[in-house]
Amino acid sequence: MTNVRQEFLSQLSYAPDGFQVKAMDSIDADASVLVAAPTGSGKTLIAEYGIARARSLGLRAFYTTPIKALSNQKYRDLQTLYGAHNVGLVTGDNAVNPEAPVVVMTTEVLRNMIYSQSTRLDSLGVVVLDEVHYLQDAYRGPVWEEVIIQLDPEVQLVCLSATVSNADEVGEWLSTVRGRTDVVVETTRPIELVNHFALFDTATKKTEMFPTVVSGEPNRHVQRLLASGSSTRGKGGHITGKKTRRFSPPSRPEIVDMLEDHKMLPAIVFIFSRAQCEDAVLSCMRAGIVLTSMDEEAQIRDIVERHCENLTADDKDALGYGNFIDDVSSGISCHHAGMIPMFKEAVEECFVNGLVKVVFATETLAVGINMPARAVVIEKLTKYTGEHHQLLRASEFTQLTGRAGRRGLDEIGHAISLWNPFVSFDQVVSLAMSRSFRLSSAFRPTFNMAVNMVRNHSEDGAHHILNLSFAQFQADRDVVTSEATLEKRKKELALLEQAFQSHEAPSASSEMLASAVEAEISLRALRPGDVVMFDASNIRGRGLVLSTAARRSGIRLTVVTPSRKVIDVMAKDLRALPLKGGAVDLPVPFEPARTEFIREAATRLTKAKVDDIVGRSLEVNDEERVVDSPLSAKSIKRLRKEIEQLEERSRHRSGSVGARFMDVVQLLREMDYINDWELTDRGHTLAGIFHESDLLIVEVMNRGILDNLSVNDLVAVLSTLVFEPRGGDNGGPPRWPSDLVRQRFKRVEKVSLQLQDMQREKGMHLHRAPNGGLAFETAGWASGKPLSRILDPDLTPGDFVRSMRQLIDLLRQISSTTTNDSLRQVAIDASRALDRGVVSAAAGESI
């Protein structure tokens, strides 16, 4: 055990679980690691160890998350561990201590750093990719793949994921494109989860709750009960044929009473509607439910007041602060994206401290935020997609119920599904018994990605990177494997040519360089499963290569000997070049930390047939040893020829991702963003705009639609590119702050339709259409109107604040990319005008 590990573990009050130890072993071996485990199982401990090890090596560590709320929470957690001066936070609209040795950020921020070749990537040792299963997200998923593919392969990755059924496939892809990546899967929850099924029975006038599964089978009592309620007998016991509903879901107050009676508090009740979450709290208040003592109420008020201390009296009045603090003080609250960050943060703190006992929440609460409960209730197992209701996916159900059970506090967590006329009990059972889901890529080239590829890579280089994507791996893994081999061969050639040039002018230093490069290249040529004869300071004789890892210090082989000793071999250890004598299949599954795996690997090594010439190689003196040195013109020529063949094969077998990428490039060529694989001026502007409507925004800039506007009119026009109405509801005709804004919007809309036609013609994903639903309110806020004159029943505080933060981010991007000095100044002024009051206070909170 390393000194770093000993010091790290000494600070824990408990012994780490087996899967955590296994992951730490991989990190110590310089391998990247993919950890797939249930929510609340302790994946964060592995991330913290990766950070601690990087810091001990004098390297920086980045912790990336999919959402700002989670970034803010991790920022606070790591500050507690390492001190505020050692931890930074960078999100799209906020940067605190960005040069710190440990920095928390959203994944998009890291992607942008890679594209801009930021110096902040220097001395980066490890990147934690939290919630990596997000790579299947249709809009944001591609960002994860862009980071994994383009981040320096010498940077160690610690990937944290929910339990997925194809973790080995994901790990194989990661190993192919980045080098050794160990897969650590844990399927056992740290807290046992019991699934329940609850309903209100009109025959008994009671709310009843039953186990969903009994002895691994659907609860037969529930099946019989539900069957008996499907028809009603009339007078004399005769079946009337007229069906009436005997069962119904319990009311919200009945749910709370049931949870309290069964000692299942604190609990989260998931309701997939913001308005219904608010109604649920109101119904409990009307029922007179109070779950707190006088002392707890006082503590809650102190916490809420602390979080909201920067709100003005007008802000509080507009936000319904009085009702909010009264509700929370009773121990019941809601949590959804329509609330301002300060309210959500206060609820989270109160809940974690055991003061708030019931939270009615939308599913956004299930993503990453550390708010475990004793019980989780899912009111409906269907969600409205904007077009129709559909049953929850297994991954969604697992994510929601993962909050049930608090480690160290509960022996059992409870997941309760409520009766619903549109969901059968068999469907409830199926979800309850699901444990994992298959992770699929959602990777697709975007306009911003395309111009950054052109700016930073040759055409072949861009194809090479795209062919390394998980999307391509799932479509045709041979393409990805071939591209990974090509990349390794090019690195070998660069090393070889450098050493050969030095070798032509002999000197003591050049001979040392040549020797080191020869050793490095010889190690790069070896693959897992190779049987090799070594003559090194730490191994002499045959060894079986288990894994390879590319690190700043060079290639590192992990080798097992016939005596089952596991050794790391690097170029500096070699006394002579290693000789490959054959290959064997490694045991499956690949679990090098397990004794059984090492035993079987050593057995296969012992039984392996080794070429005679290799077998005798260690029996001769160094003077008699004849080894073909890779450091020769012939070797360089051979390697160049292999690279040419690989490149030719790549050009003729471009993957499906590469084909879609070229469609994007062709459209950008037609629009004068790319000319002969060089960016035009407008192409350089597009490279700095990171937004889902990136091309539309730049076209609006280039066509002068944003020129000669006041601050109020500029923010109103740009709000149409940021605002997204909920549920596809356009909310009626927009109100315009001025006729000029209305005219400019018409021009924006025309450009949008033109672009959508071009995208549709090439079979591309269409950008979101602009929407003027927030133009009037945005102009009013920029002009200094109080919040009470901005909000209305159709505009929630959370949506407004989030839209303003997004608009501020876009204004900053425009000010840094435009060549129009006047527009730049107005954009800067507009950003300042919006960044005030509750919007400014939210910058340091979770958006």
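A residue counts as buried when its relative accessible area is under 20%. Keep that cut-off in mind while you look around this predicted model. The protein chain has 847 residues, and buried ones make up 55% of them. It folds into 33 helices and 25 strands. If you take the contacts between residues 6 or more positions apart, 73% of them join residues that sit 24 or more positions apart.

**Helix α10 and its buried side**

- Let's start with α10, which runs over residues 274-286. Its 13 residues should span 18 Å at 1.5 Å a residue, and its end C-alpha atoms are 19 Å apart, so the two values agree.
- Which residues of α10 are buried? They are Arg-274, Cys-277, Ala-280, Val-281 and Cys-284.
- These buried residues cover an arc of only 120° around the axis, so they end up on the same side of α10.
- What covers them includes three helices, α9 (252-261), α13 and α31 (797-817), along with the strands β15 (332-335) and β16 (358-361).

**Helices α13 and α14 side by side**

- You just met α13 as part of the cover over α10. Helix α13 (residues 321-329) also pairs with helix α14 (residues 341-352): their axes come within 12 Å and cross at roughly 10°.
- Angles under 35 degrees count as roughly parallel, so α13 is roughly parallel to α14.
- On the α13 side, the contact is made by Tyr-321, Phe-324 and Val-328, while α14 brings in Phe-343, Val-347 and Cys-350.
- What kind of residues make this contact? Six are nonpolar, with no polar and no charged ones.

**Helix α22, with two faces**

- Helix α22 covers residues 595-607, which is 13 residues. From first C-alpha to last it reaches 19 Å, close to the 18 Å expected at 1.5 Å a residue.
- Its buried residues are Phe-597, Ile-598, Ala-601, Ala-602 and Leu-605.
- Look down the axis of α22 and those buried residues fall within an arc of 130°, so they line one face of the helix.
- Now turn to the face pointing away from that buried side, and you'll find the exposed residues Thr-595 and Lys-607.

**Three residues to look up**

- Is Lys-22 buried or exposed? With a relative accessible area of 18%, Lys-22 is buried, because the cut-off for buried is under 20%.
- Lys-22 sits in helix α2 (residues 18-28). Leaving out residues up to four places away in sequence, Lys-22 touches Val-183, Val-184, Glu-591 and Ala-593.
- Val-429 belongs to helix α16 (residues 425-433), and at 5% relative accessibility Val-429 is buried too.
- Where does the chain bring Val-429 and Glu-217, which are 212 residues apart along it? Their C-alpha atoms are separated by 8.6 Å.
- Again leaving out residues up to four places away in sequence, Val-429 touches Thr-212, Val-213 and Pro-218.
- Lys-637, in helix α24 (residues 633-652), is exposed, with a relative accessible area of 65%. That label fits because exposed means over 50%.
- Lys-637 and Leu-493 are 144 residues apart in sequence, and from C-alpha to C-alpha they are 9.5 Å apart in space.

Note on methods:
Residues numbered from 1 in each chain as written. Predicted model: local features only at pLDDT ≥ 70, side-chain atom pairs only at ≥ 80, totals over all residues. Heavy atoms only, no water. Axes fitted to C-alpha atoms, helices over the stretch in contact; angles between N-to-C directions. Helix = DSSP H or I, 4+ residues; strand = E, 2+ residues; numbered from the N terminus. Parallel < 35°, antiparallel > 145°, perpendicular 65-115°, else oblique. Contact = heavy atoms within 4.5 Å. Nonpolar A, V, L, I, M, F, W, Y, C, P; charged D, E, K, R; others polar. Expected span 1.5 Å × (residues − 1). Buried < 20%, exposed > 50% of the residue type's maximum accessible area, 1.4 Å probe, protein only. Arc of directions from axis to C-beta.
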